[in-house]
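Trainee: I have a model open and would like to learn how to read it. Could you take me through it, one feature at a time?
Mentor: Gladly; let's put it on the screen.

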Amino acid sequence: EPEPGTWRYLGMEPEPGDTLQGEIVIRGLWEGNGFLLDDLSKEFMLQHPAVKITLDWEQNYMEGINAGAEVNRAVQQAFQEEIYLNMATGTADYVFFDEGEIDLDVAALSTSGALEDFGPYLRDDFSEGFFYEDVLKAFQVDGRQTVLPVTFYYKSIAFDQEQLEALGVDPASVQKVSTTQVMDWYEQALEGDPDLGLFFNSPKVDQMFELERTAYIDLIDRTCTFASEPFVKYLTQLMKIQNDEPLLEDWLVGNSTIDFFSIYQLYQHTGNLRGDYQNMVNNPDHAYDSTREMVKMFSDSKPSLAVLDWARPHTVLTQWQPLDYLAGPYPLTNSKGEIGIASEESFLLPSSMQNKDLAWEFIKYCVGERDDPRVYGNGPPHYYTPYFPINRHNLATMAEDVSNGEGLGSTNAPFDTGIFGMDPQIYIDAVEELFTGPMVPVEYYEIDTQEFIDEMYLQRLTTPEECAEKIQGRATLQLNE
């Protein structure tokens with residue numbers, strides 16, 4: 001008998017003549033990031049009743065919620081070390097589900113042969129052009145597809161339109177923006193307003209380093225070039241960032257999202273909040289006291305040039321319905337012109353996994369086409385992912401919601417997530433153009449450099465040249481551990 005509620009997985013009947021059987025274990029860090037995996041595994045097991053998929057989370061949902069940040073960091077570090085050791089020593093008999101939180105040094109595991117190459121599987125079971133090939137290529141290590149993203153998203157940047165136009169830039173002429181272009185524009189803007197912030201609400205100054213560092217690291221040769229003139233220039237410009245919020249308490253600082261930046265701009269220009277925030281502020285219930293306090297973020301944050309955020313499918317719609325008072329968001333690239341991408345839903349298959357064939361059957365289901373982009377599980381119907389799917393078919397089915405009144409399903413977009421009557425193909429073509437060209441997965445390049453940035457920027461104890469040398473040393477050490 002199916003478990004209570006499983007009847008809601010509509011259409012998930014056993015396949016006629018199904019002979020698939022066996023058991024696999026999938027490991028991941030935190031259950032709270034595994035809703036996609038939970039949904040897809042239930043669907044798969046309903047279609048293949050003789051298959052058992054065990055999801056082995058290091059932390060269950062409530063453990064991750066209730067534990068403090070320090071405990072969660074310790075759990076993450078210990079889990080990361082365990083998984084890496086299992087894979088490197090050939091004792092990992094499980095699939096690994098990466099939620100974007102774990103730094104496994106994929107390049108080292110890939111070149112050593114500890115991870116299975118998905119490339120032959122993909123070529124055997126999927127036709128050419130089924131996936132966004134340039135995205136898959138970005139996640140390869142030396143030509144081997146050892147990480148298979150199910151979904152992904154990209155780094156974007158939006159600007160204060162008036163500030164950008166004051167620099168002589170036509171927002172309509174901008175297609176992509178590089179990290180170096182952002183710093184050059186900001187340096188120019190400071191001449192007109194010496195107190196101007198770079199990013200809204202003053203997050204940490206090294207917001208773009210996550211992407212820019214990828215231009216200075218060669219994961220295959222295990223080398224880096226931070227002790228170089230271009231990177232020293234980047235750090236020198238970073239030193240000029242005016243990063244303070246004198247009118248705000250600490251808890252109201254660093255909340256830098258396109259959603260909040262758009263509300264800030266609306267409030268600064270009209271004195272009004274967007275409808276949902278205005279309704280909460282007007283509600284006398286004490287449950288909304290903190291929301292009323294948040295209004296200070298929109299009234300008292302200092303002027304700034306831009307905001308960074310991770311872009312999702314609905315972000316592309318701003319090409320046809322621009323945000324009030326903002327230019328963009330545009331894709332953000334490193335100084336080499338590569339768009340920064342990431343995945344919070346990807347698979348790694350250790351070479352030591354025993355039942356690779358069954359593991360692949362499930363992974364193939366996860367990256368394959370869906371007739372309906374929604375999941376009808378134990379709750380309201382919802383998109384199987386809030387991110388971009390790795391295959392074109394599923395993006396096309398989602399695109400139908402752009403024009404049919406449904407919208408793309410986001411709950412936090414500062415604009416309508418659909419354009420009624422729009423030809424979905426226009427949206428599909430825009431996404432196609434976006435994901436054609438050089439991209440880089442930022443999570444492959446994790447380096448612990450915060451202390452050196454703080455030492456240079458906050459404490460003013462080192463010069464950009466000295467900071468670059470320290471980062472060079474730390475990166476070289478990590479690359480050759």
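Trainee: In which helix is Asn86 found?
Mentor: Asn86 belongs to helix H3, residues 69-89. Keep in mind as we go that this is a predicted model.

Trainee: Why does Asn86 count as buried?
Mentor: The call rests on relative accessible area, and buried means under 20%. Asn86 has 15% relative accessibility, so it counts as buried. Setting aside neighbours within four places in sequence, Asn86 is in contact with Arg27, Thr91, Ala92 and Tyr94.

Trainee: And where does Ser202 lie?
Mentor: Ser202 sits in the loop between strand E6 (197-199) and helix H9 (209-212). The relative accessible area of Ser202 is 8%, so this residue is buried too. Beyond its neighbours within four places in sequence, Ser202 is in contact with Asn243, Asp244, Glu245, Val253, Gly254 and Lys302.

Trainee: Let's try a whole helix. Which residues of H17 are buried?
Mentor: In helix H17 (residues 450-457), they are Phe452, Ile453, Glu455, Met456 and Tyr457. The next step is to ask what they face: these buried residues pack against helix H10 (229-238) and helix H18 (464-479).

Trainee: Could we zoom in on one of them?
Mentor: Take Ile453, which is in H17. Its relative accessible area is 1%, which means it is buried. Leaving out neighbours within four places in sequence, Ile453 is in contact with Val205, Asp206, Leu235, Leu458, Cys467 and Ile471. One of these partners, Ile471, is 18 residues from Ile453 along the chain, and their C-alpha atoms are separated by 8.9 Å.

Trainee: How do I read two helices that pack together, and at what angle do H1 and H14 pack?
Mentor: Start with the geometry, then list the residues that meet. Helix H1 (residues 35-47) and helix H14 (residues 356-367) pack at an angle of about 115°, and their axes are 10 Å apart. The crossing is right-handed. From H1, the residues Leu37, Leu40, Ser41, Glu43, Phe44 and Gln47 meet Glu361, Phe362, Tyr365 and Cys366 of H14. Sorted by class, this contact has six nonpolar, two polar and two charged residues.

Trainee: What about the nonpolar core: how many residues does the largest one have?
Mentor: The largest nonpolar core has 134 residues. Those with the most contacts inside it are Phe159, Phe226, Phe347, Phe362, Tyr427 and Phe435. There is also a second, separate core of 19 residues, which includes Leu248, Tyr277, Phe298 and Val307.

Trainee: What is Phe347 in contact with?
Mentor: Apart from neighbours within four places in sequence, its partners include Leu37, Val95, Phe118, Val150 and Cys366. Phe362 is also among the contacts of Phe347. Leu37 and Phe362 appeared earlier, in the contact of H1 with H14.

Trainee: Now for the whole chain. How many helices and strands does the protein chain have?
Mentor: The secondary structure comes to 18 helices and 15 strands. The radius of gyration is 23 Å, close to the 23 Å that the globule rule gives for 481 residues, so the chain is as compact as a globular protein of that length. Along its principal axes, the C-alpha trace spans about 70 × 55 × 45 Å.

Trainee: What share of the residues is buried?
Mentor: Buried residues make up 52% of the 481 residues. As for contacts with a separation of 6 or more, 80% are between residues 24 or more positions apart.

Terms used:
Residues are numbered from 1 along each chain as its sequence is written. This is a predicted model: local features need pLDDT of at least 70, side-chain atom pairs count only at pLDDT 80 or more; totals for chains, interfaces and linings use all residues. Side-chain values use heavy atoms; hydrogens and water are left out. A nonpolar core is a set of buried Ala, Val, Leu, Ile, Met, Phe, Trp, Tyr and Cys residues joined through side-chain atoms within 4.5 Å. Buried means under 20% relative accessible area, exposed over 50%, partly exposed in between (1.4 Å probe, protein chains only). Contact means heavy atoms within 4.5 Å. Axes are lines fitted to C-alpha atoms, for helices over the stretch in contact, and angles run from 0 to 180 degrees between N-to-C directions. Helices (H or I, at least four residues) and strands (E, at least two) are DSSP runs, numbered from the N terminus. A crossing is left-handed if the near helix is turned anticlockwise from the far one by less than a right angle, and right-handed if clockwise. Ala, Val, Leu, Ile, Met, Phe, Trp, Tyr, Cys and Pro count as nonpolar, Asp, Glu, Lys and Arg as charged, and the others, Gly among them, as polar. The radius of gyration is taken over C-alpha atoms; the globule rule is 2.2 Å times the number of residues to the power 0.38.
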